[in-house]
Amino acid sequence: MNDRPGQNGDFETGCVSHTGKVRTANEDNFLLRPEYGLWAVADGMGGHENGALASATVVAALETVGAADSAAALLAMLEQGVLSANEALREEIRRRGATMGATLVVLLVHERHFACLWSGDSRIYLVRGGSIAQVSRDHTEVQEMVDRGVLTPDEAKHSPRRHVITHAIGVHDRPELDLENGEIADGDTFLLCSDGLTEHVTDAEILQAVEAGGAQEACDALLALTLQRGAHDNVTIVIVRYRQGASERTRWMPNRSLRGGTTP
């Protein structure tokens, strides 16, 4: 058996995006491109119209990423897309005189290599061997305070400033992305999400849902749990599971968010 992930056949992908129970519009957007080894979630900032525009601008720029002959080439295309999105948003901010931006989390896979990139507090997790690890590290004021020892992790969870973002696409003249990378293994499952999920659901609950069923079933279960707990924000979840010779393929989704309800 070929021990290298194929362009799309070895990935089972699930996705859901919902307005939540408080917001009137969905400012999240997502992108599913398993044929190119690319999955992304963007969470807009700056109010209903501006936030939706910001996340849509980021996702549209990443749609320019195509087939790559190496992991480095794929990463270079992704970085160029982010630079283009940042430039477009900076111009829109100047034109409108408004504040806007978008957090971003991206999973890239090329052959045996994966890379996770992020800006802001949207997150990416890796479930491997029965354990869950948060790959990304929130770009927030409270996370910086935790890193300096000023706040404990529990205090950070309840801080009124826990949603103050330090990095996001469009906020600065040059975007800042952090990156973690490694080698993908059979059974690895990545979860990308906006903070509407992690505001209500614990890492242990994410692990339980991921291990209980398929990628789409896990997305649906986590959304249902978030809605039960009030869903104060938009919530978007993308789950990507790698299995050699997987029988389940990516479920097609429109690369845009919905005003309410689960994706069809």
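Here is a short chat about how two helices and a sheet in this predicted model get their labels.

Guide: Residues are numbered from 1 along each chain as its sequence is written. In this predicted model, local features need pLDDT of at least 70, side-chain atom pairs count only at pLDDT 80 or more, totals for chains, interfaces and linings use all residues, and side-chain values use heavy atoms, with hydrogens and water left out.

Visitor: Why are α1 and α2 called roughly antiparallel?

Guide: The axes of α1 (residues 48-62) and α2 (residues 71-96) cross at roughly 150° and come within 8 Å. Axes are lines fitted to C-alpha atoms, for helices over the stretch in contact, with angles from 0 to 180 degrees between N-to-C directions. Over 145 degrees counts as roughly antiparallel, so α1 and α2 earn that label.

Visitor: Which residues of α1 meet α2?

Guide: Among them are Leu53, Ala54 and Val58 in α1, which meet residues including Val82, Ala85 and Leu89 in α2. Contact means heavy atoms within 4.5 Å. The residues of this contact divide into 10 nonpolar, three polar and three charged.

Visitor: What makes β1 and β7 edge strands?

Guide: Two strands pair if DSSP finds at least two bridges between them. β1 (11-18) and β7 (131-134) each pair on one side only, in an open sheet ordered β1-β10-β9-β6-β7.

Visitor: How do you know that β6 and β7 pair?

Guide: They share four bridges, in the antiparallel sense, against the required at least two; so they count as paired. Tyr125, for one, has Gln134 in β7 as its bridge partner.

Definitions and conventions
Helices (H or I, at least four residues) and strands (E, at least two) are DSSP runs, numbered from the N terminus. Angles under 35 degrees count as roughly parallel, over 145 as roughly antiparallel, 65 to 115 as roughly perpendicular and the rest as oblique. Ala, Val, Leu, Ile, Met, Phe, Trp, Tyr, Cys and Pro count as nonpolar, Asp, Glu, Lys and Arg as charged, and the others, Gly among them, as polar.
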